[in-house]
Amino acid sequence: MTRASGRKAHSNGAQFEDYLERVIFAEALRSGYFARIDKQNPTYVATRSRAGVAFTPKEASGVDWIALGGDSCPWHYIAMEAKHSDTATLAQSRIKPHQAKHLNAVLGARQVGVLLVEFTHPRGSSVFALKWTNLLFRKRGNGYSLAMEDCDIRDEITSYRSLAEVMHGWSHRA
């Protein structure tokens with residue numbers, strides 16, 4: 001990955017996270033589905049080098065956000081990781097080991113992990129909220145990935161289907 005493409009990917013990811021906070025999560029809070037939601041940020045430490053001072057994370061956060069379930073939410077603890085993809089697929093390698101570990105631990109505690117993915121495609125972009133499982137990713141080529149075409153349309157967040165409605169539907173599926 002070139003520096004320019006890395007900066008673009010980071011910028012698109014930051015825009016996606018901003019959209020989640022301003023629109024998607026704000027609605028989940030307003031509706032009472034979430035009682036609280038907190039962005040998880042790592043602690044940064046200053047490191048000196050010949051180039052100057054750089055701030056690097058002391059420890060990586062487990063996931064991007066932690067939410068507490070509201071009155072209508074069947075879970076008390078919701079761990080959420082967000083990823084933006086400039087294509088219609090998301091490589092499993094984009095989920096860092098510490099993120100997968102946190103999401104898997106949530107499952108072990110009978111709570112829920114959510115992978116929020118924004119796929120860019122020729123018609124624009126689509127946002128999916130997917131109930132976390134390692135089985136989301138399929139073998140393709142030399143690795144594993146999640147393709148937009150593999151996502152259930154009921155998991156797409158749209159102007160007429162909120163995050164709360166998507167998550168509520170998970171408890172009614174076999």
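Cys 73 makes a good starting point: at 9% relative accessibility it falls under the 20% limit, so Cys 73 counts as buried. Cys 151 is buried too, with a relative accessible area of 12%. A search of the whole structure nevertheless turns up zero disulfides. Please keep in mind that this is a predicted model. The protein has 174 residues, and buried residues make up 39% of them.

**The overall plan**

- Welcome to a protein with three helices and eleven strands.
- Starting at the N terminus, the elements follow the pattern α-β-β-β-β-β-β-α-β-β-β-β-β-α.
- Among contacts in the protein with a separation of 6 or more, 57% are between residues 24 or more positions apart.
- About 10500 Å² of the protein is exposed, and carbon and sulfur atoms supply 52% of that area.

**The six-stranded sheet**

- Six strands form an open sheet in the order β1-β4-β5-β7-β8-β11, and the pairing is mixed.
- Strands β1 and β11 stand at the edges of this sheet, each pairing on one side only.
- In general, the strands of a sheet pair through backbone hydrogen bonds, in either a parallel or an antiparallel way.
- Strands β7 and β8 pair in the antiparallel sense over eight bridges.
- These two strands, β7 and β8, form a hairpin with two residues between them.
- To locate this pairing in the model, look for Leu 115, which stands opposite Leu 130 in β8.
- Strand β8 is also joined to β11 (residues 156–157) by two bridges, and this pair runs antiparallel.
- Two residue pairs mark the place: Val 127 stands opposite Ile 157 in β11, while the bridge partner of Phe 128 is Glu 156.
- Helix α2 lies across β4, β5 and β7, and runs at about 145° to β5.

**The three-stranded sheet**

- Three strands form another open sheet, in the order β6-β10-β9, with antiparallel pairing.
- Strands β6 (89–91) and β9 (138–140) each have a single partner strand, so one side of each is left without a neighbour in the sheet.
- From one strand to the next, the twist averages 50°.
- Strand β6 pairs with β10 (residues 143–147) in the antiparallel sense over three bridges.
- Within that pairing, Ala 91 has Ser 145 of β10 as its bridge partner.

**A closer look at Thr 89**

- Thr 89 is found in strand β6.
- Is Thr 89 buried or exposed? At 34% relative accessibility, Thr 89 lies between the 20% and 50% limits, so Thr 89 counts as partly exposed.
- Leaving aside neighbours within four places in sequence, Thr 89 is in contact with Phe 119, Leu 146 and Ala 147.
- Thr 89 and Glu 118 are 29 residues apart along the chain, and their C-alpha atoms are separated by 9.7 Å.

**The nonpolar cores**

- In soluble globular proteins, nonpolar side chains tend to be buried together.
- Here the largest nonpolar core has 26 residues, of which Phe 25, Phe 34, Ile 78, Met 80, Leu 116, Leu 163 and Met 167 touch the most other members.
- Two or more residues of this core come from each of α1 (3–30), β1 (34–39), β4 (65–69), β5 (77–85), β7 (112–121), β8 (124–131) and α3 (163–170).
- What does Met 167 contact, leaving aside its neighbours within four places in sequence? The partners of Met 167 are Tyr 33, Phe 34, Trp 75, Ile 78, Val 112 and Val 114.
- A second, separate core has 19 residues, including Ala 79, Val 106, Phe 128 and Leu 136.

**A backbone detail at Arg 110**

- Most residues other than glycine have a negative phi.
- Arg 110 has a positive phi, near 60°, and is a residue other than glycine.
- Where is Arg 110? Arg 110 lies in the loop between α2 (97–108) and β7.
- The relative accessibility of Arg 110 is 73%, over the 50% limit, so Arg 110 counts as exposed.

Key:
Residues numbered from 1 in each chain as written. Predicted model: local features only at pLDDT ≥ 70, side-chain atom pairs only at ≥ 80, totals over all residues. Heavy atoms only, no water. Helix = DSSP H or I, 4+ residues; strand = E, 2+ residues; numbered from the N terminus. Buried < 20%, exposed > 50% of the residue type's maximum accessible area, 1.4 Å probe, protein only. Contact = heavy atoms within 4.5 Å. Areas by Shrake-Rupley, 256 points an atom, 1.4 Å probe, with all protein chains shown as cover. Pairing = 2+ DSSP bridges. Axes fitted to C-alpha atoms, helices over the stretch in contact; angles between N-to-C directions. Disulfide = S-S within 2.5 Å. Core = buried A, V, L, I, M, F, W, Y, C linked by side-chain atoms within 4.5 Å.
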